Amino acid sequence: MISGIVLAAGTGSRFGGTKQLVQIDGKPLVEHAVDALRAAAIDELIVVVGHDADAVRAALPVDVVVVKNPNYRDGQATSLAAALHAVSDASEAAVILLADQPGITGEDVEALVRGFLSTRSQIVRSMFVDGPGPALLSREIYAEAGHLHGDAGARVLMASHPEWVHEVKIARPAPRDIDTPGDLP
């Protein structure tokens, strides 16, 4: 079983509010990540909420497992830990997406899963032509990933254990993050 995690707990401070709820192409920003996981036929969908949790939860499809992170102000790593504690016992790996990258596609997620299934690497990271993208973490490092701190996320694990990382090349530029209102399409 492959799990999919969307980190959607942040305050959107640079955006000026709850960006997860901003409508892009007729749906909330957070739903774009859920749709990418669903398009890749991911077995389990988990969304971590924190800031404005009730409103973000209300914007999500009913079949998504919602995990509330009461410690979201302590950084993205707390949301990753909350999600990893909630994954199914049958989960072999988890694709980690951010709620502010609407350009990530089901094909991008499928490339991560294929990279994992063919290598069984601890971390599979997508590499766009201009830089890194989302990653997949194998179950064997869930405990280590669950003890990270701050906003660095799995980048700390990748930097300290480069031998764990298998890169999957994606032949296009990385989709833009939505960090400020000026980033909206």
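Is helix 1 mostly covered or mostly exposed, and how many of its 11 residues are buried? Helix 1 is mostly covered, with 8 of its 11 residues buried. Buried means under 20% relative accessible area, exposed over 50%, and partly exposed in between (1.4 Å probe, protein chains only). Helices (H or I, at least four residues) and strands (E, at least two) are DSSP runs, numbered from the N terminus.

This is a predicted model, in which local features need pLDDT of at least 70, side-chain atom pairs count only at pLDDT 80 or more, and totals for chains, interfaces and linings use all residues. Residues are numbered from 1 along each chain as its sequence is written, and side-chain values use heavy atoms, with hydrogens and water left out.

**Overall form**

The chain has 6 helices and 9 strands. Its radius of gyration, taken over C-alpha atoms, agrees with a compact globule, because the rule of 2.2 Å times the number of residues to the power 0.38 gives a value near 16 Å for 185 residues and the chain has 15 Å. The C-alpha atoms fill a box of roughly 40 × 35 × 30 Å along the principal axes. Of the 185 residues, 54% count as buried. Contact means heavy atoms within 4.5 Å. Among contacts between residues at least 6 apart in sequence, 67% join residues at least 24 apart.

**Cores**

A nonpolar core is a set of buried Ala, Val, Leu, Ile, Met, Phe, Trp, Tyr and Cys residues joined through side-chain atoms within 4.5 Å.

| Core | Size | Residues, among them |
|---|---|---|
| Largest | 32 residues | Val6, Ile42, Val47, Val95, Val109 |
| Second, separate | 26 residues | Tyr72, Ala82, Ala94, Ile123 |

The five residues named for the largest core have the most contacts inside it. Elements giving two or more residues to this core include strand 1 (2–8), helix 1 (29–39), strand 6 (93–98) and helix 4 (106–119). Leaving aside neighbours within four places in sequence, Ile42 is in contact with Ile2, Ser3, Gly4, Leu37, Val95, Val109 and Val113.

**Helix 1 and helix 4**

The buried residues of helix 1 include Glu31 and His32, alongside Leu29, Val30 and Leu37. They pack against strand 1, strand 2 (23–24), strand 3 (27–28), strand 4, strand 6 and helix 4. Ala41 follows helix 1 and has a positive phi, near 60°.

Asp108 lies in helix 4. This residue is buried, with a relative accessible area of 6%. Beyond its neighbours within four places in sequence, Asp108 is in contact with Gly103, Phe128, Ile170 and Arg172.
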